[in-house]
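Trainee: Could you take me through one part of this model up close? I'd like to look at a single helix and its surroundings, and then hear how other pieces are put together.

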Amino acid sequence: MNLLIWGAGAIGGTVGAFLHRAGHDVAFVDVAPDHVAAINDKGLRISGPIDEFRVDARAFTPQQLAGRHQTILLCTKSQHTRAAAETLAPFLADDGCVVSLQNGLNELAIAEIVGRQRTVGAFVNFSADYHAPGEVLFGGRGAVVIGEMDGADSQRARALVEALADFDPDAQFTDKIFGYLWGKEAYGAMLFVSALTHQSIADALSSARFRPLYIRAAQEIVWLADKLGITPLGFNGFEPALFLADDQPGIARSLDALVAFNKLSAKTHSGIWRDLAVRKRATEVSMYAPLLAQAEVTGVDLSLTRRWIAMIGEIERGAREQSLKNLEDLRADFV
């Protein structure tokens with residue numbers, strides 16, 4: 001398959017390197033000139049417990065790119081989706097497609113820009129981190145799912161699954177891609193709460209004192225999904241149906257499974273934590289803005305969600321430290 005990876009960081013760099021090594025025609029686009037230069041000069045290096053290798057690949061900044069491309073895998077942070085989609089649109093073939101390998105419900109924004117018929121949904125939950133120009137850590141495997149926005153069983157979606165099997169043999173097709181995306185929104189809420197501290201994901205989700213907070217964070221998102229008639233789907237131990245039913249024994253089993261899953265990864269902390277603690281940059285928290293707007297319309301209580309979003313913003317601005325005290329403050333009001 002001929003693929004253009006738009007965003008060569010954690011997700012795009014990892015997937016693209018594996019597909020390049022498997023023989024697909026892969027080129028990378030990234031807005032960081034030093035990353036692009038490093039890939040062109042010495043290749044893209046993947047490290048970690050899953051595999052270690054380097055691929056000699058072509059990389060471009062958007063200003064250097066030319067031509068029209070059949071399949072573009074969009075792998076930027078969620079907050080950069082609209083700008084990235086507007087920039088890549090002139091490079092997309094008329095009968096091509098953009099595939100969103102991102103967090104959030106970005107397919108909706110992409111479809112507004114390139115058209116619904118040229119947008120394919122995707123869900124990924126593997127762990128990876130950008131470490132330095134030309135270097136990406138692949139920390140652990142996780143779900144990889146492809147599906148059309150309307151649930152159709154299309155040839156192009158099946159072809160994408162077949163190609164992505166060269167990255168993860170368990171890549172799968174779904175006719176319910178938004179179910180997975182909403183499931184990730186609920187799981188992501190727990191990751192955002194964990195990033196208010198310096199705890200690892202596994203330590204955070206195994207904390208008896210703060211588990212009620214993590215449960216409530218996920219539940220608020222599944223409550224909203226249920227109100228909207230959407231059924232969030234589970235993955236890698238996370239079972240949103242148990243959270244919706246408030247099945248406490250089942251929820252405990254699901255959280256234990258998530259702890260076990262995350263302990264398998266060399267990436268101990270979320271990308272959210274890394275953005276705050278290491279890279280000192282904005283997180284993807286803006287991807288929850290549409291959910292807050294829907295909650296206003298439907299009357300669903302997202303009070304905890306609003307509070308942790310505000311706290312994340314304060315940490316981004318340097319007005320709050322990452323600390324367990326943040327969870328103590330939330331616990332006083334929500335447990």
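Mentor: Start with G318, which sits just after α13 and takes a positive phi of about 80°. Keep in mind that this is a predicted model. Now step back into the helix itself. Helix α13 covers residues 303-316, and at 1.5 Å a residue its 14 residues should span 20 Å. The end C-alpha atoms of α13 are 20 Å apart, so the expected span and the model agree.

Which residues of α13 are buried? They are L304, T305, W308, I309, M311, I312, G313 and I315. The cover over those buried residues includes α6 (177-194), α8 (211-227), α11 (271-277), α12 and α14 (324-334).

From that list, pick up α12, because it leads on to a pocket: α12 (289-298) and α4 (107-114) are the elements that give two or more residues to the lining of the second largest pocket. That pocket has a volume of about 230 Å³. Its lining consists of S78, Q79, T81, G104, L105, N106, L108, A109, S286, M287, P290 and Q294. If you're thinking about electrostatics, sort the lining by class: five residues are nonpolar, seven are polar and none is charged.

α6 gives you another thread to pull. A122, in strand β8 (residues 119-124), has contacts beyond its neighbours within four places in sequence, and I177 and L181 are among them. The others in that set are V99, S100, L101, E107, V145 and I146. Take L101: A122 is 21 residues away from it in sequence, yet the two are 5.5 Å apart in space, C-alpha to C-alpha. Is A122 buried or exposed? A122 has 0% relative accessibility, so it counts as buried.

Next, some strand pairing. Strand β9 (residues 127-132) and strand β10 (residues 135-140) pair in the antiparallel sense over five bridges. Within that pairing, Y130 has V136 of β10 as its bridge partner. The two strands make a hairpin with two residues between them, and G134 in the turn has a positive phi of about 80°.

For a parallel case, go to strand β1 (residues 2-6), which pairs with β2 over five bridges. Here L3 stands opposite V26 in β2. Why call β2 largely enclosed by the rest of the structure? Strand β2 covers residues 25-29, and four of its five residues are buried, so the description follows from that.

Methods:
Residues numbered from 1 in each chain as written. Predicted model: local features only at pLDDT ≥ 70, side-chain atom pairs only at ≥ 80, totals over all residues. Heavy atoms only, no water. 1 Å grid on protein atoms, 1.4 Å probe; cavity = no way out; pocket = protein on both sides within 12 Å on 5 of 7 lines; lining within 4 Å. Points joined across faces, edges and corners; volume = space filled by probe spheres on them. Nonpolar A, V, L, I, M, F, W, Y, C, P; charged D, E, K, R; others polar. Pairing = 2+ DSSP bridges. Expected span 1.5 Å × (residues − 1). Buried < 20%, exposed > 50% of the residue type's maximum accessible area, 1.4 Å probe, protein only. Contact = heavy atoms within 4.5 Å.
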